[in-house]
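Biologist: I should like to learn how enclosed spaces, helix packing and strand pairing are read from a model. Please give the general idea each time, and then the case at hand.

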Amino acid sequence: MNNNSLQNKTELFYYLLSKTRVKTNIKKQVRNEGLNLFPLSFSQEEFYFLNQLQPNDLALNLSFAYKLSGQLDINALEKTFTEIVRRHEVLRTVFIENDEGIFQKILLFSNFKLPVIDIEFKNTENHIAYAQEILSDLSLEPYDFVKGPLFRVQLIKISNEKYILWWGMHHIICDAGGQIILMKEIKELYSWFAFGERHKLPKLERQIADFAVWQRENYETNGLKEKILDWTAKLSGYDKNITLPPKSERPTMQTFNGLSEEFYIDKEIKKKLKELSAVNNTTLFTVLLSALKILIFKFTNKIDIVIGSPFSIRNYDFLENLICDLSNMLLYRTIINKDDTVCTVIKKVKDTILETLKYNDVPSQHVYYSMNRKREPAYSPLFQIMFIFHQIYTRDNDQFLDGVISKYLHIPIKSSQFDISLFLFDDDDIGLYGRFDYNTALYTREMICEFIECFKEILKIIAENPGLKICELSEEINKLVGMERICNNG
């Protein structure tokens, strides 16, 4: 990517923020043959914190599956995962508490055994559906932070030339960036063990445990303490419980049972939205987040809206090759008005994003502690709606094993971390692929489908008429999709 292809200075800011790698002199800590205990990184601490607050939350279980067709070398695949587990300490790490605090404990390396389930002769009409049921159950199994493992792999054999490869992990050990690294290493190492093609993977001199020690030692010298106080002050007074109107009263305790609903935005609308972002000197992420805030405003009439969104802080040179979690949850707070035009809302959201990114390294759990709010067991601690936009569509990475045809296979885990999570992916072939994850204790499928239709109409209208006031936009949507009944509930 070169500067000429960047839409504007804001786009350049995002690009440099994601691509610049700060060189560090982080010291490699001594490893012993026996007990290796290290402090948690701030990202690990966030997920440990969530696990303590929400021990039944299975939405933090990550899982991926691929259908494989061809002459799979199972021995080479087992060696591949063995080498990955050897290389990345986090895949053999557990988390323990003692009188001195909470620690990550690195377990000694031992050869990895690839479990295989053979369903070739299983009496079933649809072997793929049967395998999906097995993997869905596996994806819902909780992870024991103390005993481990927090990384699991499963191979299902359908026939001599048909398999399903699945792997799962808890979010505390891997984020989206880590998944990309994992897939790259699977590809490189499988080619090495199956075909003798020497891999080009770098030696990992330091690991996430070394970074965690450095983070803790430099907590004050990096100005993080002051940032936490400053950011907490700017978030003061926001309503963390804003959400889309549920079907009935909330349960007294937060639940995590969920489902997903997929949808698509066609290429023509995406093109117009990108043009709108260029005109407003911003990014597609900003425009999509603005649309979501307009949707929330429409259904709630709330003007002070906070949405959570994860941000990966892989801004140090040695972190770019590590499988680990380096995400931090950012809170995007925007105050809008019914008389704001679409472009005004986009400008406000852009300013919100630029301001929030200054605090990208402020751990969200420290913000929670600093606010000193009373815990409400019916709600998530910081916000209820999450937004994620990926410019790389995960299914674009289908072909990742040489000599074998691989195809992404969706395995639903039937859980939702928040009331609603909106995922959007840039799919060059279609436009935008979207997914609403929702809590089934709060919403029915019919309600979510209506929210989706409303969101799609918002995108269409703002792409074609960004000069509209959002109160006028709301009236236009009511005419187009007949939303009066639900809107009155807000």
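Biologist: Which element gives the largest share of the lining of the second largest cavity?

Modeller: Rolling a probe the size of a water molecule over the atoms shows where empty space is left. On a 1 Å grid over the protein atoms alone, a cavity is a set of points where a 1.4 Å probe fits but cannot get out, a pocket is an open set with protein on both sides within 12 Å along at least five of seven lines, and lining residues have an atom within 4 Å of a point. Here the largest share of the lining, 3 residues, comes from α2. Helices (H or I, at least four residues) and strands (E, at least two) are DSSP runs, numbered from the N terminus. This is a predicted model, in which local features need pLDDT of at least 70, side-chain atom pairs count only at pLDDT 80 or more, and totals for chains, interfaces and linings use all residues. Residues are numbered from 1 along each chain as its sequence is written, and side-chain values use heavy atoms, with hydrogens and water left out.

Biologist: What else describes the second largest cavity?

Modeller: Its volume is about 50 Å³, a volume being the space filled by probe spheres set on grid points that are joined across faces, edges and corners. Among the lining residues are Phe42, Ser43, Glu46, Gln215 and Asp361. Besides α2, β10 (327-335) gives two or more residues to this lining. The lining divides into 2 nonpolar, 5 polar and 2 charged residues; Ala, Val, Leu, Ile, Met, Phe, Trp, Tyr, Cys and Pro count as nonpolar, Asp, Glu, Lys and Arg as charged, and the others, Gly among them, as polar.

Biologist: Where is Asp361 placed, and is Asp361 buried or partly exposed?

Modeller: Buried means under 20% relative accessible area, exposed over 50%, and partly exposed in between (1.4 Å probe, protein chains only). Asp361 is in the loop between α10 (342-356) and α11 (364-371). Because its relative accessible area is 26%, Asp361 is partly exposed. Leaving aside neighbours within four places in sequence, Asp361 is in contact (heavy atoms within 4.5 Å) with Leu224, Lys227 and Asn328.

Biologist: What is the volume of the largest cavity, and which residues line it?

Modeller: The largest cavity has a volume of about 100 Å³. Its lining includes Glu46, Phe49, Leu50, Ser364 and Gln365. Again α2 gives the largest share, 3 residues. By class, this lining has 7 nonpolar, 4 polar and 1 charged residues.

Biologist: How is the packing of a helix such as α6 read?

Modeller: An α-helix has 3.6 residues a turn, so residues three or four places apart point the same way. In α6 (residues 208-217), 8 of the 10 residues are buried, including Phe211 and Trp214. What covers the buried residues of α6 includes β1 (37-38), α2 (42-53) and β4 (101-106).

Biologist: In what order do the strands of the sheet stand?

Modeller: Two strands pair if DSSP finds at least two bridges between them. Here 3 strands form an open sheet in the order β1-β4-β3, with antiparallel pairing. The edge strands are β1 and β3 (93-98), each pairing on one side only. Between β1 and β4 there are 2 bridges. α6 packs on the sheet, touching β1 and β4, and its direction makes about 155° with that of β4; axes are lines fitted to C-alpha atoms, for helices over the stretch in contact, and angles run from 0 to 180 degrees between N-to-C directions.
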